[in-house]
Structures are given as structure tokens and as C-alpha cells.
Amino acid sequence: MDADGSPADHDPARLTADLDPARLTAALVPLTRALRSAVRAAEDLPDLPDAQVEIIRVLPRGTVLSSGELAATLGLSRPTVSNLLTAMEARDLITRRPSPGNRRHVQVFATEHALDLFARFDRAAAALVTTALAGLDPADRAVLAEARSALAAALPALVRLHQALQHTPRPEDGR
């Protein structure tokens, strides 16, 4: 137990020592790149920059945000978001409209085209991962089967880790 009464294995220093962040990154980054590439090829989807995909991800159907809210949510500067939105609007991925309460503010929402691309990506990714898992040797499938509930339980913490990393100060943005 730690001094605060929590189990010692919750200590961040111990977690990173046991987990080896460099090895985790070395496994996950190429895995996500390979998955994106395979899905794009399988579904003939456009190659969207990660930042544009993240904007679509935070604008599910019915969600409307301002460009400032998008910048804050994604941890990007307002000029960067503005440039991304301009490029996305040209590709029919988002629509901007004046806010009804204040015409100087702009509301942003994903288009049906963007939502369709996103849904196709998710369906294809699930199918490709399922097929790839079936092709693994039995020992690897057994390891993953044993880890399945731990991975599922870890997903919310991984989302929060992602959020924490997004809000980590970067030298170039002065935060």
C-alpha cells in the first residue's frame, strides 16, 4: 500500500516501469497506422490527416461546437483549427454556420459525408481486426483472449490518458 492507502501498483512511476511506455508506443503507433492504411484501402476511403479525423470524432451526429471549443477540446491553437476547418469545408467534411445568438460566432458540425466516412471506417476496422485476429497463431489468440477483459477494463483509463496527453504543455505553444 502507498502512503495514501492505495495499492502500490497504482503508483505512476511503477506503472511506467512495468509497462515500458517506449515499448507500448512502439507497438501501438505502427498498429494504428497499419489499421488506418488497411481500412482506407479496403473501403477506398480518402487519406484524411489525423487532425481532421479527430475533429470528425468530436463532432458525432447532432453535436455542434464552435471553433474555439474544438481548439480547446483537441488541444490545438485556434489558427490551426481554423486552417483545418477551411480544408475540411472544401472537402465537404464539415459545415460552418453563424451562431443564432451571436452572428460573430460560428458553429461547426460534421456533414453527412464525413459521418458516413467515419461509420464506414469503424465497420471496416472492426471487420479487418476480426479477420486478422482469426489469422493469428493459437498461442497469440490465447494470450489476447486472456487479456480481453483487462483490455476492455483499461479502455476508459486509456481514453483519460489520451486526454491527459492532449493537455500536456508543449514548448512551442507556451502552455
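## A walk from patch to core

Start by selecting L19, L24, L28 and L31, which together make a nonpolar surface patch of about 350 Å². A patch here is built from residues with over 30% relative accessible area and no salt bridge, joining nonpolar side chains (Val, Leu, Ile, Met, Phe, Trp, Tyr) within 5 Å and like charges within 9 Å. A salt bridge is a side-chain nitrogen of Lys or Arg within 4 Å of a carboxyl oxygen of Asp or Glu. Areas follow the Shrake-Rupley method with a 1.4 Å probe, and for residues only the protein chains shown count as cover.

Before you go on, note that this is a predicted model, in which local features need pLDDT of at least 70 and side-chain atom pairs count only at pLDDT 80 or more, while totals for chains, interfaces and linings use all residues. Residues are numbered from 1 along each chain as its sequence is written, and side-chain values use heavy atoms, with hydrogens and water left out.

**Stop 1: helix 2**

Now colour residues 21-43, which form helix 2, the element that gives the most to the nonpolar patch, with three residues. Helices (H or I, at least four residues) and strands (E, at least two) are DSSP runs, numbered from the N terminus. Zoom in on L28, which sits in helix 2. L28 is partly exposed, at 41% relative accessible area; the classes are buried under 20%, exposed over 50% and partly exposed in between (1.4 Å probe, protein chains only).

Then step to D44, in the loop between helix 2 and helix 3. Its phi is near 50°, a positive value in a residue other than glycine. D44 counts as exposed, with 69% relative accessibility.

**Stop 2: the whole chain**

Zoom out and switch to a cartoon view. You should find seven helices and three strands, running α-α-α-β-α-α-β-β-α-α from the N terminus on. Of the 175 residues, 19% count as buried. The accessible surface comes to about 11,900 Å², and 60% of that belongs to carbon and sulfur atoms. Among contacts (heavy atoms within 4.5 Å) with a separation of 6 or more, 48% are between residues 24 or more positions apart.

**Stop 3: the sheet**

Select the three strands: they form an open, antiparallel sheet in the order 1-3-2. At the edges are strand 1 (65-66) and strand 2 (94-98), each pairing on one side only. Two strands pair if DSSP finds at least two bridges between them; strand 2 and strand 3 are joined by five. Pick I94 and look across to A110 in strand 3, which stands opposite.

Next, follow the loop between strand 2 and strand 3 to S99. At 16% relative accessibility, S99 counts as buried. Not counting residues up to four places away in sequence, S99 touches H105, V106 and Q107.

**Stop 4: the core**

Which residues have the most contacts inside the largest nonpolar core? Select I55, I56, L59, L70, L85, L93 and I94: these are the ones, in a core of 26 residues. A nonpolar core is a set of buried Ala, Val, Leu, Ile, Met, Phe, Trp, Tyr and Cys residues joined through side-chain atoms within 4.5 Å. At least two residues each come from helix 3 (50-57), helix 4 (67-74), helix 5 (78-90), strand 3 (106-110) and helix 6 (112-135). Helix 6 gives the most, with seven residues.

Centre on L85 and show its contacts: beyond its neighbours within four places in sequence, they are I55, S67, L70, I94, R96 and V108.

**Stop 5: around L93**

Move to the loop between helix 5 and strand 2. D92 is found there, partly exposed at 41% relative accessibility. The phi of D92 is near 60°, again a positive value in a residue other than glycine.

L93 lies in the loop between helix 5 and strand 2 too. Is L93 buried or exposed? L93 counts as buried, at 1% relative accessibility. Leaving out residues up to four places away in sequence, L93 touches L48, Q52, I56, M88, F109, A110, T111, H113, A114 and L117. Try a distance label from L93 to D116: 9.9 Å from C-alpha to C-alpha, across 23 residues in sequence.

Finish at one of those contacts, Q52, which lies in helix 3. Q52 counts as buried, at 5% relative accessibility. Setting aside neighbours within four places in sequence, Q52 is in contact with L84, A87, M88, R91 and L93.
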